[in-house]
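The following exercises concern charged side chains and their surroundings. Please examine the sequence and the structure before attempting them.

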Amino acid sequence: MSEESAKLRIDKWLWFARVAKTRSLAAKLVTAGNVRVNKEKVSAASRQIKPGDVLTIAKAGHIRILEVVALGTRRGPAPEAQLLYNDHSPAPEKKQDETDTGIAHEAHTGRPTKRDRRQLMRLKQGPFE
């Protein structure tokens, strides 16, 4: 393989690898400064990448670290796209839900349940009615 055919534009590769939905969105991601190649910030979508390069991508509040394994020739299905890179991203942090306080719900606090209402109805009716 010649030297020129062993490289590919970064926006095209991001599109092939399904990091971006469209090629123009991939170009915007690069020009916005959200992509680094081998720790160097990239500002042009025409930047050439090759197998062995490590891409650091900041997108939607997450950081992905992808090692380029292959360049690809088309934008295929997701399983085919995953063969283009090795993902070295850290595991996503588990967010604690605002409603989940870690405290178990105590019985008979707050609004009564259906079972509680039925028990109240039985108490109000009494045994003689």
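Three exercises follow, each with a worked solution.

The model is predicted: local features need pLDDT of at least 70, side-chain atom pairs count only at pLDDT 80 or more, and totals for chains, interfaces and linings use all residues. Residues are numbered from 1 along each chain as its sequence is written, and side-chain values use heavy atoms, with hydrogens and water left out.

**Exercise 1.** Determine where aspartate 11 lies and whether aspartate 11 is buried or exposed.

Solution. Step 1: aspartate 11 is found in helix α1, which spans residues 10-16; helices are DSSP runs (H or I, at least four residues) and strands likewise (E, at least two), numbered from the N terminus. Step 2: the relative accessible area of aspartate 11 is 3%, so the residue is buried. Here buried means under 20% relative accessible area, exposed over 50%, and partly exposed in between (1.4 Å probe, protein chains only).

**Exercise 2.** Identify the salt bridge that aspartate 11 forms with an arginine of helix α2, and then describe two further salt bridges of the structure.

Solution. Step 1: side chains of opposite charge can pair when their charged atoms come close. A salt bridge is counted when a side-chain nitrogen of Lys or Arg is within 4 Å of a carboxyl oxygen of Asp or Glu. The whole structure holds 5 salt bridges. Step 2: aspartate 11 pairs with arginine 23, with the closest N and O atoms 3.4 Å apart. This pair links distant parts of the chain, since arginine 23 belongs to helix α2 (residues 23-31) and the two residues are 12 residues apart. At 32% relative accessibility, arginine 23 is partly exposed. Arg9, Asp11 and Arg23 are linked in a network of salt bridges. Step 3: arginine 64 and aspartate 87 also form a salt bridge, at 4.0 Å from N to O. That pair joins strand β6 (residues 62-68) to strand β7, across 23 residues. Step 4: glutamate 80 and arginine 74 form another, with the closest N and O atoms 2.9 Å apart.

**Exercise 3.** State which residues gather in the patch of positive charge on the surface, and where arginine 111 lies.

Solution. Step 1: the patch contains Arg111, Lys114, Arg115, Arg117, Arg118 and Arg122. Patches are made of residues with over 30% relative accessible area and no salt bridge, like charges being joined within 9 Å and nonpolar side chains (Val, Leu, Ile, Met, Phe, Trp, Tyr) within 5 Å. Step 2: arginine 111 sits in the loop between β7 (85-87) and α4 (114-125). Step 3: its relative accessibility is 74%, so arginine 111 counts as exposed.

Technical notes
Areas by Shrake-Rupley, 256 points an atom, 1.4 Å probe, with all protein chains shown as cover. Lys, Arg positive; Asp, Glu negative; His and termini not counted. Charge placed at Lys NZ, Arg CZ, Asp CG, Glu CD.
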